[in-house]
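Colleague: I should be grateful for a close look at the salt bridges of this model. Please describe them pair by pair, and then turn to charged side chains elsewhere on the surface and to the cysteines.

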Amino acid sequence: MEDSHLHDVIPVSGMYESWFLEYASYVILERAVPALNDGLKPVQRRILHAMKEMDDGRYNKVANIIGQTMQYHPHGDASIGDAMVGLGQKDLLIDTQGNWGDVRTGDGAAASRYIEARLTKFALEVVFNPQTTEWQLSYDGRKNEPITLPVKFPLLLAQGTEGIAVGLSTKILPHNFIELIKASIDILKGKTIEIFPDFPTGGMVDIAHYNQGKKGSKVRVRARIEELDSKTLIIKDVPFGITTDGLMESIVKANDAGKIKIKKVTDNTAKEVEIQVALAPGVSPDITMSALYAFTDCEVSISPNACVIIDDRPLFTSVDEMLKVCTENTVKLLEKELFIRKNELLEKLLYSSLEKIFIENRIYRNIEEATTWEMVLQIIDEGITPYKPQFYREITQDDIAKLTEIKIKRISKYDAFKADELMRNLENELTEVEFNLSNLTEYAINFYKNLLNKYSKGKERRTEIRTFDTITATKVAANNQKLYVNRLEGFIGYGLKKDEYVADCSDIDDVIVFLRDGKFKVVKIADKVFVGKDIIHIEVFNKDDERKVFNATYLDGETGTTYVKRFQVGGITRDRENDLTRGTKLSKVLYFTANPNGEAETVTVQLTPACKAKIKVFDFDFATLAIKGRSAQGNILTKYPVRNVKFKIAGGSTLGGLNIYYDNKIGRLNTEERGIYLGSFQSDDKILALYTDGSYQIMNADLTNRYEIAEVVSLHKFDPKVVISAIYFDGEHESFYIKRFLIETTTIGKTFSFITEHKKSKLLLVTADEQPQFKMVYTNEVKKEVSNIYDVDLLTEVRGWKALGTRLPQQRIKTVQIVSSEEGE
């Protein structure tokens with residue numbers, strides 16, 4: 001006989017499928033992903049609800065708050081405590097007291113019994129309203145808890161969040177409090193909005209690929225690094241998600257790996273982040289700064305992924321769309337609050353009117369002879385019947401019964417004037433509420449403006465939005481290895497220490513190698529690499545070097561013709577064999593040079609004695625050849641057999657100067673025509689930088705130079721004959737001066753101040769224009785504002801850069817600015 005219970009057996013696969021789906025749904029909806037309506041995960045919502053229940057204006061021990069929250073949250077105290085510390089560190093909803101840790105240093109909070117908290121005034125105003133809250137039973141059915149809190153603010157975007165669930169994750173970056181409110185106002189006004197991340201740790205952010213925080217977007221975040229002196233860099237903040245300990249550890253690792261060269265790194269963080277990086281002797285601060293961004297956590301890439309719960313389902317969206325939904329939700333909540341308040345006012349007016357009729361018409365006297373409760377209610381009802389048409393709803397038995405509860409003391413002291421005044425106030429408020437309901441958008445805008453006025457102090461943007469330069473790692477990596485070559489056997493690498501030394505390099509560099517048979521390739525440097533026998537040239541390869549030109553003479557093995565060519569390599573596939581000859585058998589390179597600045601030398605060509613040529617020795621100038629690609633076959637030098645080709649005379653560059661531009665958005669030099677054109681630079685040309693603090697600096701025209709945008713007035717190709725004009729306020733004499741001077745110093749890299757060093761001295765204007773004119777706005781003796789245009793060369797003569805200059809008669813100068821020649825005319 002078959003057992004009946006066998007029919008109830010469920011396959012394990014079915015059980016797994018059901019249980020796993022339930023678990024996945026639980027983790028997504030109840031643990032990891034926040035709801036868009038209030039921007040909170042369940043544990044955060046329960047913490048805030050518990051704090052509201054306990055709120056009496058005073059601080060509560062966090063341990064007590066955790067205990068209160070455990071009535072609603074079916075998990076341990078540790079998870080609640082961690083979530084509460086996270087909320088408190090965001091400094092928006094929770095007013096903290098005690099040691100709550102530091103997100104910058106990674107220091108944890110003190111034990112929950114030692115720290116205290118209460119809700120902020122902002123939280124009390126925008127997060128809670130029992131009348132507009134939807135409730136549900138807690139996990140044990142003993143209490144009610146909010147499904148979502150009626151938050152009238154884009155809380156999720158302000159605080160940011162991160163969570164990993166089953167099959168999906170969410171990462172929403174924090175945004176600026178003030179910018180979110182202004183964007184919400186713009187949404188209500190029908191304007192287009194654009195919001196960007198703002199991190200509590202400060203720093204700088206490149207939002208070029210933010211793409212509204214959608215899935216697949218990316219932002220680059222950098223710490224702010226300043227140059228204290230030529231031997232020390234100071235890191236002033238940490239990127240979001242990185243701690244000072246983590247940052248220092250990444251710097252030490254980069255140094256140990258040879259990517260950067262530093263002596264030591266010291267954490268001086270107190271109220272503000274300060275990490276000092278002491279550089280090794282002879283190391284460039286600018287290159288090290290770039291290397292810190294390239295090889296350490298001074299720069300990190302963050303990939304947002306905006307996923308939120310909407311209508312009990314996870315949804316991938318954008319931050320702009322989230323803000324629109326939050327703004328619409330706020331408007332709905334405000335409308336609901338207005339309707340609730342309207343009904344409250346109508347009820348108060350109705351009862352006040354009933355009370356007035358009941359007392360002034362002395363209806364209470366008529367119930368003295370009533371013998372039953374029903375008679376009492378009937379007598380009162382008859383007394384107010386003539387007035388019923390003026391009420392907004394029907395009068396119920398409960399309304400009449402409420403009149404019987406009025407005490408004799410209140411009746412005896414009833415003041416009709418005060419009652420009328422109270423009713424007028426209620427009617428005025430009702431009119432205002434009805435006006436706000438009919439003008440809901442304007443009401444919502446005013447609500448947001450009120451939040452801005454009350455709570456925006458101290459919430460200014462901390463993270464500077466910048467466009468970052470692209471750092472090529474091989475250009476900024478410190479040389480931590482030495483490149484060697486065994487030309488005969490065809491090996492290269494940094495492990496061949498007994499062979500020929502080539503150059504210092506880093507362990508991430510590429511190396512280009514040319515062989516006698518004309519083959520060449522680019523390989524990754526390693527301890528020991530076979531590249532081919534009979535090496536004629538080897539060097540560290542830089543594919544972006546537009547100045548490097550190779551000059552070659554080769555014999556074509558098939559025809560016996562000798563060719564000459566000038567070529568650049570450019571971009572090339574690593575480990576792929578290339579050929580600078582025509583690729584025929586027995587071809588070989590007769591002469592080869594690598595020229596860093598496109599130089600073209602003259603060579604002497606000697607033919608074989610037995611050849612039929614009349615002239616067996618002649619010179620050839622490579623400058624007569626055009627520079628072409630690496631695959632070009634070149635020009636015919638001679639069809640006669642060549643005995644040898646030897647160097648005769650060095651030549652100059654045929655490339656002309658290097659066109660350099662200054663990108664004033666990122667503070668870097670470039671050759672890609674981005675920004676302001678500085679000029680065509682030869683190898684010995686310099687750059688003159690004029691700074692806002694009244695100083696100048698002469699620098700080499702190195703593309704690795706880095707300039708703080710806010711500190712630079714202008715950059716120029718340095719010409720010692722160019723006259724610099726400046727107007728400044730001298731703090732010592734409390735007067736304005738104008739001066740013209742030549743740059744007389746020659747020290748490279750040192751900063752010289754051309755205004756007085758008094759702490760109140762201030763630069764108003766500086767220019768390297770040839771005959772500048774400036775417009776001055778000042779207040780004269782009778783306190784009238786005057787505007788005039790002046791020629792600088794007519795006001796003062798050229799003197800030394802240390803000279804004080806000529807005192808200007810105007811003592812109340814408001815603005816000074818350079819004007820164009822058209823304006824001057």
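Modeller: The structure, which is a predicted model, holds 36 salt bridges. In general, side chains of opposite charge can pair when their charged atoms come close. Three of these pairs may be taken in turn.

One of them is formed by Glu429 and Arg341, whose side chains meet with an N to O distance of 2.7 Å. Glu429 belongs to helix α15 (residues 416–438), whereas Arg341 belongs to helix α10 (residues 319–360), so this salt bridge ties together parts that are 88 residues apart in sequence. Glu429 is partly exposed, because its relative accessibility of 28% lies between the limits of 20% for buried and 50% for exposed. Arg341 has a relative accessible area of 24% and is likewise partly exposed.

A second pair consists of Arg466 and Glu464, with 3.4 Å from N to O. Here the two partners fall into separate classes of exposure. Arg466 has a relative accessibility of 13%, which is under 20%, and therefore counts as buried. Glu464, at 30%, counts as partly exposed.

In a third pair, Arg674 forms a salt bridge with Glu672, and the closest N and O atoms are 3.1 Å apart. Arg674 is partly exposed at 36% relative accessibility, and Glu672 is also partly exposed, at 48%. Elsewhere, Asp206, Arg220, Arg222 and Glu299 are joined into one network by salt bridges that share partners.

As for charged side chains on the surface, Glu226, Asp693, Glu708 and Glu711 gather there in a patch of negative charge. Residues of such a patch have no salt bridge, so these four acidic side chains stand apart from the pairs described above. Glu711 is placed in the loop between β38 (695–700) and β39 (712–717). With a relative accessible area of 45%, Glu711 is partly exposed; this value is over 30%, and Glu711 therefore meets the accessibility limit for membership of the patch.

The cysteines complete the account. A search of the whole structure finds zero disulfides, which means that no pair of cysteine sulfur atoms lies within 2.5 Å. Cys298 is buried, at 0% relative accessibility. Cys611 has a relative accessible area of 10% and is buried as well, because this value is under 20%.

Technical notes: Residues numbered from 1 in each chain as written. Predicted model: local features only at pLDDT ≥ 70, side-chain atom pairs only at ≥ 80, totals over all residues. Heavy atoms only, no water. Patch = residues over 30% accessible without salt bridge, like charges linked within 9 Å, V, L, I, M, F, W, Y side chains within 5 Å. Areas by Shrake-Rupley, 256 points an atom, 1.4 Å probe, with all protein chains shown as cover. Lys, Arg positive; Asp, Glu negative; His and termini not counted. Charge placed at Lys NZ, Arg CZ, Asp CG, Glu CD. Helix = DSSP H or I, 4+ residues; strand = E, 2+ residues; numbered from the N terminus. Buried < 20%, exposed > 50% of the residue type's maximum accessible area, 1.4 Å probe, protein only.
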